[in-house]
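Please open the model in your viewer and keep the selection tool at hand. The stops below say what to select next and what is found there.

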Amino acid sequence: MRICSWNVRGCNSPLKLNEVVDFLKSYHIDVFGVLETRIRQKKAPKALEKFMPYRVISNYQNHPNGRIWVFWNPVTVCVQAVEVHGQFIHCHVVHNSTCVPFYVTFIYASNDPIVRIDLWSSLHQIYGTVQDWLVIGNFNVTRGNEERISASHPCLSDMLDFNSCLLRCGLDGLHCFGCEFTWSNKQEELSRVWCKLDRALGNDLWITKFPSSSADFLPAGISDHSPTMVTIFEERVPKSRFSFLNCWVSDPSYYSTVQNA
């Protein structure tokens with residue numbers, strides 16, 4: 001099963017919208033949070049037709065640009081919105097084939113640290129109502145200086161607020177692969193900035209229930225953010241490899257054996 005979050009940084013362009021749809025279907029994603037759509041509500045129905053037969057929840061009632069769309073495949077999962085907010089959509093998910101329930105919160109945090117304080121408070125309120133819980137998305141803040149490469153340093157108070165929230169909510173990062181820095185301004189040379197803004201976090205009960213769950217941070221592609229792909233109910237199988245020992249060629253029968261074969 002795959003749960004993905006991706007800040008696409010706008011999909012008003014038909015070509016970009018098609019890329020997002022192709023990404024969803026080619027990776028066989030079961031639950032997909034699309035962040036920063038920049039598509040106004042009156043134009044949304046035509047865009048959403050492209051995602052059929054996936055079903056969708058949006059937060060247009062909380063933000064005019066529908067900052068978050070959550071799609072799901074009704075064949076594989078059942079999704080219900082528990083709380084819809086300007087900076088998140090909190091869902092209850094049931095995996096159809098196993099009947100296993102869990103909670104997922106898709107995050108698109110504000111760029112304004114004052115507005116983000118409301119997000120941290122809301123997450124703490126959710127914390128008291130859930131058991132196994134996955135929180136995934138773009139948090140728009142780093143946890144420490146090592147998560148940013150640029151000429152300037154991140155704001156210490158913003159990082160402290162974020163880390164305090166994660167501590168109070170019992171959330172920590174899943175085992176991860178792929179891109180270390182999930183966002184870049186894509187400018188040239190000394191103007192380039194790299195940050196880890198996108199995350200997949202789980203609480204203790206999530207880790208206990210899904211010990212093999214992991215997050216892959218994929219190449220950004222059409223966006224400036226990496227897609228975050230969480231896989232559960234699936235063990236990673238190491239790739240097989242062919243090994244050759246150089247000492248074999250010193251055996252007197254080596255060349256004749258190879259020739260006969």
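Select F88 first, then I107: F88 stands opposite I107, a residue of strand β7. Strands, like helices, are DSSP runs numbered from the N terminus, with at least two residues (E) for a strand and at least four (H or I) for a helix. The model is predicted, with local features requiring pLDDT of at least 70 and side-chain atom pairs pLDDT 80 or more, whereas totals for chains, interfaces and linings use all residues. Residues are numbered from 1 along each chain as its sequence is written, and side-chain values use heavy atoms, without hydrogens and water.

**The sheet around this pair**

Now select residues 88-95, strand β6, and residues 100-108, strand β7; the two run antiparallel and are joined by 8 bridges. Strands count as paired if DSSP finds at least two bridges between them. In general, the strands of a sheet pair through backbone hydrogen bonds, either parallel or antiparallel.

Extend the selection to the open sheet, in which 6 strands follow the order β5-β6-β7-β8-β14-β10 with mixed pairing. At its edges are β5 (77-84) and β10 (172-173), each of which pairs on one side only. Add helix α3 (residues 113-127), which packs on the sheet and touches β5, β6, β7 and β8 (133-138). A contact means heavy atoms within 4.5 Å. The direction of helix α3 makes about 30° with that of β6; axes are lines fitted to C-alpha atoms, for helices over the stretch in contact, and angles between N-to-C directions run from 0 to 180 degrees.

**A serine in strand β1**

Select S5, which belongs to strand β1 (residues 2-7). Is S5 buried or exposed? S5 is buried, because its relative accessibility is 2%. The classes are buried (under 20% relative accessible area), exposed (over 50%) and partly exposed (in between), with a 1.4 Å probe and protein chains only. Leaving aside residues up to four places away in sequence, the residues that S5 touches include G33, L35, F106, I136 and T228.

**Salt bridges**

The chain has 6 salt bridges, a salt bridge being a side-chain nitrogen of Lys or Arg within 4 Å of a carboxyl oxygen of Asp or Glu. Three of them can be visited in turn.

- Select R9 and D224, whose side chains meet in a salt bridge (3.0 Å, N to O). R9 lies in the loop between β1 and α1 (14-26) and D224 in the loop between β15 (214-217) and β16, so the pair ties together parts 215 residues apart in sequence. R9 is partly exposed at 42% relative accessibility, while D224 is buried at 9%.
- Select R116 and D158, whose closest N and O atoms are 3.6 Å apart in a salt bridge. Since R116 is in helix α3 and D158 in helix α4 (residues 156-169), the pair ties together parts 42 residues apart in sequence. Both R116 and D158 are buried.
- Select K209 and D132, a salt bridge with its closest N and O atoms 2.6 Å apart. K209 sits in helix α5 (residues 204-209) and D132 in the loop between α3 and β8, 77 residues apart. K209 is partly exposed, with a relative accessible area of 36%, whereas D132 is buried at 7%.

**Backbone features in the loops**

Most residues other than glycine have a negative phi, and most peptide bonds are trans. Select M52 and P53: a cis peptide bond joins them, with omega about 10°. P53 lies in the loop between α2 (44-48) and β3 (55-58).

Next select H28, which is not a glycine yet has a positive phi of about 50°. H28 is in the loop between α1 and β2 (31-35) and is exposed at 59% relative accessibility. Then select E36, also not a glycine, whose phi is positive at about 55°. E36 is in the loop between β2 and α2 and is buried at 14% relative accessibility.

**The whole chain**

Finally, show the complete chain, whose secondary structure comprises 6 helices and 16 strands. The C-alpha trace spans about 80 × 45 × 40 Å along its principal axes. Of the 261 residues in the chain, 47% are buried. Among contacts with a separation of 6 or more, 63% are between residues 24 or more positions apart.
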